[in-house]
Amino acid sequence: MAGGPPKALPSTGPHSLRDMPHPLAGSSSEEAVGGDSTPSPDLLMARSFGDKDLILPNGGTPAGTSSPASSSSLLNRLQLDDDIDGETRDLFVIVDDPKKHVCTMETYITYRITTKSTRVEFDLPEYSVRRRYQDFDWLRSKLEESQPTHLIPPLPEKFVVKGVVDRFSEEFVETRRKALDKFLKRITDHPVLSFNEHFNIFLTAKDLNAYKKQGIALLTRMGESVKHVTGGYKLRTRPLEFAAIGDYLDTFALKLGTIDRIAQRIIKEEIEYLVELREYGPVYSTWSTLEGELAEPLEGVSACIGNCSTALEELTDDMTEDFLPVLREYILYSDSMKSVLKKRDQVQAEYEAKLEAVALRKEDRPKVPADVEKCQDRMECFNADLKADMERWQNNKRQDFRQLLMGMADKNIQYYEKCLMAWESIIPLLQEKQEAK
Amino acid sequence: MEQAPPDPERQLQPAPLEPLGSPDAGLGAAVGKETEGAGEESSGVDTMTHNNFWLKKIEISVSEAEKRTGRNAMNMQETYTAYLIETRSIEHTDGQSVLTDSLWRRYSEFELLRSYLLVYYPHIVVPPLPEKRAEFVWHKLSADNMDPDFVERRRIGLENFLLRIASHPLLCRDKIFYLFLTQEGNWKETVNETGFQLKADSRLKALNATFRVKNPDKRFTDLKHYSDELQSVISHLLRVRARVADRLYGVYKVHGNYGRVFSEWSAIEKEMGDGLQSAGHHMDVYASSIDDILEDEEHYADQLKEYLFYAEALRAVCRKHELMQYDLEMAAQDLASKKQQCEELATGTVRTFSLKGMTTKLFGQETPEQREARIKVLEEQINEGEQQLKSKNLEGREFVKNAWADIERFKEQKNRDLKEALISYAVMQISMCKKGIQVWTNAKECFSKM
């Protein structure tokens, strides 16, 4: 883990809270940073308000620091394009090599996680650990806890109906591996989440279980503060932009659900079609045994139909393994995003309620009480984080779906090409003139 | 029992004309197209005839179908379809075709024609009619006889039937067939006047013969076996094909749902919207393409069905042989027993049981004169029997020879036709694959623009 204050890295990352200007300190915030309004690395790092380099048992922060929710820094955050492209990437994670472990109490699969990084947060340039699904699940909960203002990527479904799906079949394991790999890659690509302490430990610790048992609260300040937001406040109106996001997510999830159903139905119909084809082809074979001159042509047709059947089976397998899981992941994703939106609403509700309470008290104070200030910070950070994450999410979603749908089209093209080849190849056979008797 | 060599009464007398299209008139020629000049072949028609109709090549088409209502035999209202049969003769000189005859027939008249042909040409594999009722349908197709698609396919099937007859070297010369094409009124009466129904072999007799015949020609036994198997395998094929069509229809149609959901989804998207929307359109195109594809496949199914029904025609020829053979065997047996009786009477030994012998024993001997009389009768019968047996033998051999010739002709036709059918089926599949590739490539391009 990192020692002292981090260097100014070209990519975004956390920075010591000490350097954060106070949002309400007025113009001094600019001064503190050097007065320029162009996004400096420091401010860039200021985005993820909560991340800390040091483990502080009580989650407190050094005095004198607070959230950088000044308007300029907010603006900077929003202008920032956080898409890290390949050239600036300094963290690579791969999930592969699933292995089955048979123990007395249970059988389970572990996956190898290989990490390569030049970041200072990592003591070594390379790590290789093995993790199982529950470890991923642990990581995700920890991320949700510690980064409540961010959108945490989804995991593949936890529960599988035993007996219906074979948890240890090659196809299932491969599908899951791909999803877990995607999960880690999404975190890796996130400018804030990728620096999360738990994530680091997940990637590097030799004995994760021991670490889990320690139960050390690595809660960030934000995490801690959001955690304490009481749910008792009701938000009157969601601000327009978040309402729009909420509506979007609702419709989006709905449409994906429909697409999932359609895709499943198509696969079902294709499988039934396949069943009939498997009976159809051999009948030509049977017929060929009755014939003389027609025997070869009929046998040829039978073989051809057999080839098409195989191609169809490959198509349905691909769609089941590659297409459906990604759809479902995105539905899970949007569900978790809606929870984050709700949390945001709570934060805003609390702030507004407290603000109102102050106003009602009619006390003549020029200064806003500290706890109301804190609420405002929270809310503004949350809003900023969420908006930035939404934008990133939208971009990634677009790429993901472009790839997914193009992949679906590709698989269908390949299926038809295989069938085309089969049928074209028997035309000469059918046209062959029998040798004169 | 009628036999098969060209019966002067039933045949139109001119010398062999050129059958329409010659043996190559397979299914391809059958579908209402003008048959190409088979004029290159030497026709062998050099004798003048008093029936000019047959000198020229003819074209037959069943060009239209019409719904009619009328009163049936029980004076009840009924709806039926009538088919317009047009016959054209092609003038040799300029290749133009002139409409010579045009009349309307309904399905039952076709059936009558075929029944007649079966009786008078038992050694010929008589072309089958298209099915009376739609069978082997997959769910979208209607099994209704009045359905326009069914009527259309039947029209083609009936045309094919007539062309098959017209291209058969023997059947094409049949007078009743000629009248079918030319004489609208009174044709039914003419057919019935031939009394063919009476000449038809009873089913019971035929069944009996099948079981009891001892030495049928092995080729016919094998052929019967083959036709049974052929019928079974083609039925199976048609059944499964219908199910395959059903499933394929389902697959394509469900894709149409993508069209709508992509459109709805595109409404909430900014950059992705256009790509989704246009991809959805291609999914709609994909879904609707299946209708034409499966309609084309019905033609393939019809080609198979024709040969399914041909199996029955083959069996009919085999049955006829068995019947003749059985008849021959019975006649020979009868002759043998008569000879035996005669011998016994002559020599006085009684080896065979006869009623006369019994009664003689019981009621007294017969006189020598009586015995002489009986022997004489028997000898006459034996003579007759021997003549009959000879002619039956001859008939039997003629039948076998002619039938087998036609069967060989049929086999060639079948191989040609089915090969063509398989090729056209493969071509259909290729076209379907190409369309699929096109649609998905288009969709992929739309997705890439998302």
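Biologist: Before we look at single residues, what does "exposed" mean here?

Modeller: Exposed means over 50% relative accessible area, and partly exposed sits between that and the 20% under which a residue is buried. Keep in mind that this is a predicted model.

Biologist: Okay, try it on N75(B). Is it buried or exposed?

Modeller: N75(B) has 53% relative accessibility, so it counts as exposed. You'll find N75(B) in the loop between β1 (57–71) and β2 (77–90) of chain B. Its backbone deserves a look too: phi of N75(B) is near 60°, a positive value in a residue other than glycine.

Biologist: Which residue in strand β1 of chain A should I check for phi?

Modeller: Go to D97(A), which has a positive phi of about 50° without being a glycine. D97(A) belongs to strand β1 (residues 91–102) of chain A. With a relative accessible area of 25%, D97(A) is partly exposed.

Biologist: Now the inside. How do you find empty space?

Modeller: You roll a probe the size of a water molecule over the atoms, and that shows where empty space is left. Searching the whole structure this way turns up 17 cavities of 30 Å³ or more.

Biologist: What is the volume of the largest cavity, and which residues lie nearest its centre?

Modeller: The volume is about 170 Å³. Of the 19 residues lining the largest cavity, Y273(A), L277(A), W423(A), Q429(B) and M432(B) lie nearest its centre. Elements giving two or more residues to that lining include α9 (240–288) of chain A and α11 (368–448) of chain B.

Biologist: And what classes of residue make up the lining?

Modeller: The lining of the largest cavity has 16 nonpolar residues, one polar and two charged.

Notes:
Residues are numbered from 1 along each chain as its sequence is written. Chains are lettered from A and ligands numbered from 1 in the order in which they are written. This is a predicted model: local features need pLDDT of at least 70, side-chain atom pairs count only at pLDDT 80 or more; totals for chains, interfaces and linings use all residues. Side-chain values use heavy atoms; hydrogens and water are left out. Helices (H or I, at least four residues) and strands (E, at least two) are DSSP runs, numbered from the N terminus. Buried means under 20% relative accessible area, exposed over 50%, partly exposed in between (1.4 Å probe, protein chains only). On a 1 Å grid over the protein atoms alone, a cavity is a set of points where a 1.4 Å probe fits but cannot get out, and a pocket is an open set with protein on both sides within 12 Å along at least five of seven lines; lining residues have an atom within 4 Å of a point. Grid points are joined across faces, edges and corners, and a volume is the space filled by probe spheres set on the points. Ala, Val, Leu, Ile, Met, Phe, Trp, Tyr, Cys and Pro count as nonpolar, Asp, Glu, Lys and Arg as charged, and the others, Gly among them, as polar.
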